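Okay, can everyone see my screen? Let me put the structure up and then walk you through a few spots.

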Amino acid sequence: DGCGHTVLGPESGTLASINYPQTSPNSTVCEWEIRVKPGQRVQLKFGDFDIDDSDSCHSSYLRVHNGIGPTRTEIGKYCGFGFQMDGLITSKSNEVTVQFMSGTHTSGRGFLAAYSTTDKSDLITCLDNASHFSEPEFNKYCPAGCVIPFADISGTIPHGYRDSSSLCMAGVHAGVVSNTLGGQINVVISKGIPYYEGSLANNVTSKVGPLSTGLFTFKTSGCYGTLGMESGVIPDSQITASSILEWSDQTGQVNIWKPENARLKRVGPSWAAFISDEHQWLQIDLNKEKRITGIVTTGSTLAEYYYYVSAYRILYSDDAQKWTVYREPGMDKDKIFQGNTELYHEVRNNFIPPIIARFFRINPLKWHQKIAMKVELLGCQFSIGRAPKITMPPPPQNKNDDKNDDFSDDFIHSVKTSLQTDKTTFTPEIKNTTVTPSVTKDVALAAVLVPVLVMVFTTLILILVCAWHWRNRKKKSEGAYDLPYWDRAGWWKGMKQFLPTKSAEHEETPVRYSSSEISHLRPREVPTMLQTESAEYAQPLVGGIVGTLHQRSTFKPEEGKEASYADLDPYNSPIQEVYHAYAEPLPITGPEYATPIIMDMSSHPSTPLGVPSISTFKAAGNQAPPLVGTYNKLLSRTDSTSSAQALYDTPKGQPGPGAADELVYQVPQSVAHSAGSKDE
């Protein structure tokens, strides 16, 4: 009468004293006989040990024996409050006897222990939680029987479980290990969340939990996707039932609770059976064999119809004729799954090991008012490896034909047996089979690259268009005849930077004008050509370095004529308010341009060297005047507004070494004399 929570599985299990974790009663005894497969040994691990040792383990103790029965031998006898046993107790055979004796005592919780075969070196107990381990990720083996009433968990998948939760109990809730078999868990620790949801799964109720510093989740194979009830991948024609609830309400409307209504999260009524007994079923055809790892159920989800199924069996088949009831390995009884406890909340149950079948049937055993439910199946695709083609060599010919035939039959039988036992060769890890797995990464890559390429090409086109417009505007601004009005005092100084002080070798070329029409101007004789190759300019530009100013002249000749100084004189023209790019107009009250005069350079001495020339006029006549290597300085300009002509000094030149290349000019004198006077 001293046995408490006990689950003895084929490879692992859990055992505890009566009333654990409360004080065990006096004068109780319990004995457990543990047996595993021959050839294996048993290891025992204590999760908690608290037995009264006031009488030195005389009346209250825990004793462990090798073997079972009268031939057993003692391994050890243990007692003590808060006794810490760091190691494992290992047997010498595949059988162990554990004996608990409780004498007269006033305190002591008793004990809780786990066992497994010795090949499970990472065995833990049902009391271990994530806070007991410092690694961010680890593997442990959970024993069978960790769904215990005195432990609790908070959280659910896929969000995770609070770090104070029992690792193995959470593993059962998540569906990664079985409570009757135990199993390996792969735990990942991460940062906690503010709130943990609660749910019912695999007969384990997870409670709502508050904020914690850490949480843990489990790594799984990923075969937990929905198989198509909710999404509609499974058509209505593949959902059938033993009977259908149907009736007419007071308004005469017919209510039919058809089997195709048994889709999880689908709005409206669920499937309901017309007769409520243990022979009703809901059947789902998956169209081909699938790996089924779990099921999620709800009730009617309609408040006015409080119907739900609280317990059921699972049957499966490949042909819908021969059915198999689901049982856990090593068990001789059908597995009864806990259903819903009300009509709204979802309840999940997992199949460990998973079911491989095409036809799936739910057989309700307990219900509230009427049999009604909505369902979703969890799992993934199932692939069957094709058996390789067997090519057998011909048997050698000898007298023992019967022996050869026997050998061939045995060989074929052994090959067939090996192929049958190795039927499944690959298990695809598909988390959600409702999504077609044919979507490739190329589609996602194209979805990203196409918009990027469109944006790049659009940007390039905009840049080219803007550059083309900018170039056209620049050309238009360079070819404009009329420039804006600039400061008269500094205009000519600014123009000097565009004109070289000494030009290269040029042939005598007529000046070509590119300004407004001059056909209305009065003719006047002017020199025909300028022979100087290099000259600075003083005031109005009418000549100069012809070879380098073809594009900078501002006057346009008459149509059909070759422009030169022998043509009509544009200086003596009516006064117009037209500003040219290279000629600065005089005030409106006076003549627009001063009249150049032909200078006689023969009567003037040469000026000192190094004085730059700023005269703009060419010697008269067809013969070039004598040249020297220096220039005379221009002193002033006739700036009188009362006379239309100005007096210019006659340039005098002397022959010199550079007579063939340069001109000598005297600086013109600006005096207030009459139009016909001169001043040297």
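Let's go straight to I355, which is found in strand β26, residues 347-368. One thing to keep in mind all the way through: this is a predicted model. I355 has a relative accessible area of 2%, so it counts as buried, given that the cut-off is under 20%. What is I355 in contact with, once you leave aside its neighbours within four places in sequence? The list is K290, R291, I292, I314, Y316, Y326 and F360. Take K290 from that list: K290 and I355 are 65 residues apart along the chain, and their C-alpha atoms are separated by 8.0 Å.

Hold on to Y326 for a second, since it shows up again when I get to the rings.

Before that, the overall picture. The protein chain comes to 4 helices and 27 strands. Of its 680 residues, 43% count as buried. If you take contacts between residues at least 6 apart in sequence, 77% of them join residues at least 24 apart.

And confidence, because somebody will ask. The mean pLDDT of the chain is 73, with 60% of the residues reaching 70 or more. Two stretches I'd flag. Over residues 502-581 the pLDDT is below 50, and that stretch has 172 contacts in the model beyond near neighbours in sequence. Residues 667-680 are also below 50, with 36 contacts counted that way.

Now a sheet. Five strands, or in figures 5, form an open sheet, and the order is β1-β2-β9-β4-β7, with antiparallel pairing. Which strands are at the edges? Those are β1, 3-8, and β7, 89-90, each of which pairs on one side only. Strand β4, residues 42-50, is joined to β7 by 2 bridges, and the two run antiparallel. If you want to find that spot on screen, look for L44, which stands opposite I89 in β7.

Also in β4 we have Q43. Is Q43 buried or exposed? Buried, with a relative accessible area of 4%. So what does a polar side chain do in there? The side chain of Q43 reaches the backbone oxygen of T117, at 3.2 Å. Leaving aside neighbours within four places in sequence, Q43 has a long row of contacts: L88, I89 and T90, then A114, Y115, S116, T117 and T118, and then K120, S121 and L123.

K120 has something else going on. Its charged end sits over the ring of Y141, 5.2 Å from the ring centre. There's another case with R361, whose charged end sits over the ring of W323, 4.1 Å from its centre.

That brings me to the aromatics. The structure holds 21 aromatic pairs. One of them is F100 with F111: tilted, 5.6 Å centre to centre, with 50 degrees between the planes. F100 lies in strand β8, residues 95-102, and F111 in strand β9, residues 110-117, so the pair ties together parts that are 11 residues apart in sequence. Both ends are tucked away: F100 is buried at 1% relative accessible area, and F111 is buried at 0%.

Next, Y326 again, as promised. The ring centres of Y326 and F351 are 5.4 Å apart and the planes are at 55 degrees, so this pair is tilted. Y326 lies in the loop between β24 (324-325) and β25 (337-338), while F351 is in strand β26, so parts 25 residues apart in sequence get tied together. Y326 and F351 are buried.

Going back to F100 and F111, they belong to one aromatic cluster, along with W32, F46, F49 and Y78.

Last stop, a helix. How many of the 8 residues of helix α1, residues 167-174, are buried? It's 8 of the 8, so the helix is largely enclosed by the rest of the structure. Reading along α1, the buried residues are L167, C168, M169, A170, G171, V172, H173 and A174. Right after α1 comes G175, and its phi is positive, near 90 degrees.

Okay, that's my tour. Happy to rotate anything you'd like to look at again.

Terms used: Residues are numbered from 1 along each chain as its sequence is written. This is a predicted model: local features need pLDDT of at least 70, side-chain atom pairs count only at pLDDT 80 or more; totals for chains, interfaces and linings use all residues. Side-chain values use heavy atoms; hydrogens and water are left out. Buried means under 20% relative accessible area, exposed over 50%, partly exposed in between (1.4 Å probe, protein chains only). Contact means heavy atoms within 4.5 Å. Two strands pair if DSSP finds at least two bridges between them. A polar contact is a pair of N or O atoms within 3.5 Å; within protein, one must be able to donate a hydrogen and the other to accept it, and residues adjacent in sequence count only if both atoms are side-chain atoms. pLDDT is the predictor's confidence in each residue, from 0 to 100. Rings of Phe, Tyr and Trp (its six-membered ring) pair if their centres lie within 6.5 Å; planes under 30 degrees apart count as stacked, over 60 as edge-to-face and the rest as tilted. A charge sits over a ring if NZ of Lys or CZ of Arg is within 6 Å of the ring centre and within 35 degrees of the ring normal.
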